[in-house]
Amino acid sequence: MIKLSWKLLTSLLDIFIIAFIIYYLLNIISGTRAVQLIKGLGLIFVVGLFAQLLELNTVNWFLDSFLTIIMVALPIVFQPELRRALEQIGRGGFLKDQFWQNWGPKEINEIVLSMSEMSEQQIGALIVISRKVGLKNYIETGIELNAEISKQLLYSIFQHESPLHDGALIIENGKIKAASCFLNLSTRSDINPRLGTRHRAAIGITEESDALALVVSEETGVISVAEDGQLSRHLDKAELREKLSHSFEKSKEKSFMRRHL
């Protein structure tokens, strides 16, 4: 009786772990290209099931060969999504929360004021705020500054006369770490074709990491924020402040909970 109860308990635990892993992976791929891949693989699986039931040997052979090719190609085609998924798993409660670690409302205010002024004057800008995933490989592509966050400095960096205006400015641990950094552009086909390289770079960095990316359009002065591969556009000063403050408060709560658990 005890052996039977123990076997039932381990079976339930086994099912729970697998269900949790599937749920976690679905949350990670939500909103990415991998969703369409899962749908495609599901359709192939259903077709393969019917082919086996109806003993369609040629169809079975074709699907087996096709799936073998797909499994080899997947790590190459979906390399950014796989890397992002592994980074999120690595961050899942075990690593120290670094977002907003050494800064807060004062620095947020400096960022909001500088973005608002650049928006009014239609000065193009791209500011990336690192969270838990470090951006050292991107920082190394630019000019290291390691400076305090201030409205005047942010504004001056993105002036056309500045040699640092072209590229992204990266903020990490409460410091302006580097400017004129090179970012990978998003290759998604569903992005509005009217958006320029700054917006594609902002979306790209948030697809590959958990960073926030702030953009001022040089053509229209529109302020946008990219997060988790999604772009929010036409933000005014109040909405930008609210979005940054919300992230700040949310991160503070997570840090507090981790310290007291």
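The expected span of a helix is taken as 1.5 Å times one less than its number of residues, where helices are DSSP runs of H or I with at least four residues, numbered from the N terminus. The model is predicted, so local features need pLDDT of at least 70 and side-chain atom pairs pLDDT 80 or more, while totals for chains, interfaces and linings use all residues. Residues are numbered from 1 along each chain as its sequence is written, and side-chain values use heavy atoms, without hydrogens or water.

Helix α8 covers residues 197-208. Its twelve residues should span 16 Å, and its end C-alpha atoms are 16 Å apart, which agrees. Eleven of the twelve residues in α8 are buried, meaning under 20% relative accessible area, with over 50% called exposed and values in between partly exposed (1.4 Å probe, protein chains only). Among the buried residues are Arg198, His199, Ile203 and Glu208.

Helix α2, residues 34-53, contributes seven residues to a nonpolar surface patch, the largest share. The patch measures about 980 Å² and includes Leu43, Phe45, Leu56 and Val59. Patch members have over 30% relative accessible area and no salt bridge; nonpolar side chains (Val, Leu, Ile, Met, Phe, Trp, Tyr) are joined within 5 Å, like charges within 9 Å. A salt bridge is a side-chain nitrogen of Lys or Arg within 4 Å of a carboxyl oxygen of Asp or Glu. Areas come from the Shrake-Rupley method with a 1.4 Å probe; for residues, only the protein chains shown count as cover. Leu43 lies in α2 and is exposed because its relative accessible area is 56%.

Lys136 belongs to helix α6, residues 136-139. At 59% relative accessibility, Lys136 is exposed. Its C-alpha atom is 9.4 Å from that of Lys177, 41 residues apart along the chain.

Notes. Helices (H or I, at least four residues) and strands (E, at least two) are DSSP runs, numbered from the N terminus.
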